[in-house]
Amino acid sequence: MSETTKKGRVTIPTDVDVVPETLTLLQRWGADAIRDCDGTDYPEALKTVNAKVYSTYYTTRKDNDWARANPDEVQQCYIMTGFQMARETPLFINLMQGISEELMKPNTHDDVCRWWEVMDRTAGEPLSPADWRYEEKSGCVVIDRPCPFHEYTVSFLAYLIWDPVHMYNAVTNGWKDFEHQITFDVRQPKTHRYTMERIRQFITDHPYVDVIRYTTFFHQFTLIFDELRREKYVDWYGYSASVSPYILKQFEEEAGYPFRPEYIIDQGYYNNQYRVPSKEFKDFQAFQRREVAKLAKEMVDITHEMGKEAMMFLGDHWIGTEPFMPEFQTIGLDAVVGSVGNGSTLRLIADIPGVKYTEGRFLPYFFPDTFHEGGDPVREAKENWVTARRAILRKPIDRIGYGGYLKLACQFPDFIEYVESVCNEFRQLYANIKGTTPYCAGTVAVLNSWGKMRAWGCHMVHHALYQKQNYSYAGIIEALSGAPFDVRFVSFDDLKNDPDALKGVDVVINVGNGDTAHTGGKVWEDSAITAAVRQFIACGGGFIGVGEPSGHQYQGHYLQLSAALGVEKETGFTLGYDKYNWKEHPEHFILADCRQEVDFGEGKKSIYALPGTEILVQRDKEVQMAVHDFGEGRCVYISGLPYSFENSRILHRAILWASQREETLRSWYSENYNVEVHAYVKNGKYCVVNNTYEPQSTFVYRGDGSRFALDLAANEIRWYEI
């Protein structure tokens, strides 16, 4: 084993009760960095160890004395009550019904008439402040003369009196006898000044620390619990906890128009990732990115001035630091670390520009929900590593690591042994591929409302979780994370503002349900956008639509690109038109590797083919997959494609067919779709990797088309010289 595979690029957690175990793992795993975690302390005995030391630093909590002394600068969140229907009598709306009173309390310190909003949801209009009042004693907003049988909601500001992530960790781990950590707002004047003094003092008091691991900066993603301490609402991209009258007044001055709570509340949807974003919400996001970057840079500059590295955890209070946006690179961070749940989250970290190195925190986290009697952390670790490895082989992170309570992990010797093999394998593949671009068979652009702002993460909840209703679409992004294509993320705004937005792109992919931010919704009413995509296809580009691509009822179509795609959805308005095209063509190039019926996941109902379209799969006269020529270009329709190795191969073939590059299929290629080939021509190396937990046999094709037979053990990766 070479020196490069025995040492370095690995971070491990520690605590005061596992000093000998930490020293042992430094040797066994070849770790060169040690970190603390939420709920642990760094041991005195390890302050002189020969390893880089990370210290988790919380900019917005772990200082309750300050928070209690400055209650007006505790962080705030916009939240909406449930819908309440009025009768003839006054309507009482209890603000905190269904919300944890441990987590938040209404902000009545600031002018409620200015910063709250009572909405007649039936009419879609706000009430005048003269038409409602707040009763402090009952905690209710009272509407004395509501319209009978109209529904009402209240949007109000609330103080976050318990940090939501601290609450999550406490509930998950069953913590007892501890103090709730209050979240304070670094954006506000007093806390801003204090915070800069606080970070200087922290660095002075911790001379043994090499890396300040900011967790994260200033604004928590939306995480709300109910009165039973259950998660009520979570949105990893949510901006609703990044508000205060102080911040909103600044926004009004910059934007030039008054702020409304509805810009955040968004009918109770909170501008979640499925919602097509309004102009006002995009304005607010851009404002927050600029202001957060400015303040984060101030902290990073202090960190550098005092001789330490600055690392950001991509999680917790990360709102405003979207890593693919230009503001992020002005912060000057040395590194970003994030949790790796699958290939998509790996690429979400690895692709971040403008930092010196990236690090992935692998699963399982050393928490008792996995590390308990009868638990199987090895199984979870294997799944996590093998899933992420596909993406690492396309774009490697620079380091890997683990977090949690090391004492728990040490009770599972087979887990310790397996992670040792992971660390060695990671170092080997990093040495082989860093600094080069792997072979790409084409360039793919994922088109949606968010573009690069939410690259790789658009279809996930957080840390690779997804909703049942979108797993058929998340599979596309997961497949792309390890596929041999250059992947870009393009927004509709990019398309409208930049005539070269699709320059160099071979295939555009639009994936998701209709009328969502993923497919565009009302955006397709903009003739310039629709024409730009049609022109791209007609001039020889490829287009793959999954689910309800361009789905929005408008001007006689539901799928606005139906003429290009060759399919349409029956929404009830065209039932009088007969449909005659139902013949299947299962021998198509795209389906050539299928061994069984294609898994379309949830699929789609009521999709039918237009004349001239070639149907690949239809079930009960509902089209699941079809292809269609449009001008000089080609389109593929797929109803859904959950992640699997077989579906990854289907997508691979669909991209090559749509880009009219079928002849390049057998270049750095495996006939067995459970096995993949990645070539690094500049480095003179290529590897063949078994993505399954079983032995696999295949024929491997080199770049010149020559092939050889190969047998691989479970999970095996084998390296070759070109």
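Look at the side of helix α17 that faces away from its buried residues, and you find Ser527 and Gln535, both exposed (over 50% relative accessible area, with buried under 20% and partly exposed in between, using a 1.4 Å probe on protein chains only). This is a predicted model, where local features need pLDDT of at least 70, side-chain atom pairs count only at pLDDT 80 or more, and totals for chains, interfaces and linings use all residues. Residues are numbered from 1 along each chain as its sequence is written, and side-chain values use heavy atoms, leaving out hydrogens and water.

Back to α17, residues 527-538: the buried set is Ile529, Thr530, Val533, Phe536 and Ile537. They sit on the same side of α17 because they cover an arc of only 130 degrees around the axis, taken from the directions from the helix axis to the C-beta atoms. That fits the general rule: an α-helix has 3.6 residues a turn, so residues three or four places apart point the same way. Helices here are DSSP runs of H or I with at least four residues, strands are E runs of at least two, and both are numbered from the N terminus. At the start of α17, the backbone nitrogen of alanine 528 has a side-chain oxygen of aspartate 526 within 3.0 Å. After the helix comes glycine 540, with a positive phi near 115 degrees.

Next, a hairpin. Strands β34 (residues 696-701) and β35 run antiparallel and are joined by six bridges; pairing takes at least two DSSP bridges. Phenylalanine 699 has alanine 709 of β35 as its bridge partner. Five residues lie between the strands, and in this hairpin glycine 705 has a positive phi near 90 degrees. Along β35 (residues 707-712), Phe708, Leu710 and Leu712 point to one face and are buried, whereas Arg707, Ala709 and Asp711 point to the other and are not.

Now the rings. The structure holds 45 aromatic pairs, counted for Phe, Tyr and Trp (its six-membered ring) when centres lie within 6.5 Å; planes under 30 degrees apart are stacked, over 60 edge-to-face, and the rest tilted. One of them is edge-to-face, between tyrosine 57 and tyrosine 214, at 5.8 Å centre to centre and 85 degrees between the planes. Tyrosine 57 is in β3 and tyrosine 214 in β13, so the pair ties together parts 157 residues apart in sequence.

Two arginines also lie over ring faces, with CZ of Arg (or NZ of Lys) required within 6 Å of the ring centre and within 35 degrees of the ring normal:

| Arginine | Ring | Distance to ring centre |
|---|---|---|
| Arginine 454 | Tryptophan 450 | 3.7 Å |
| Arginine 653 | Phenylalanine 589 | 4.6 Å |

Methods: Polar contact = N/O pair within 3.5 Å; in protein donor to acceptor, adjacent residues only side chain to side chain.
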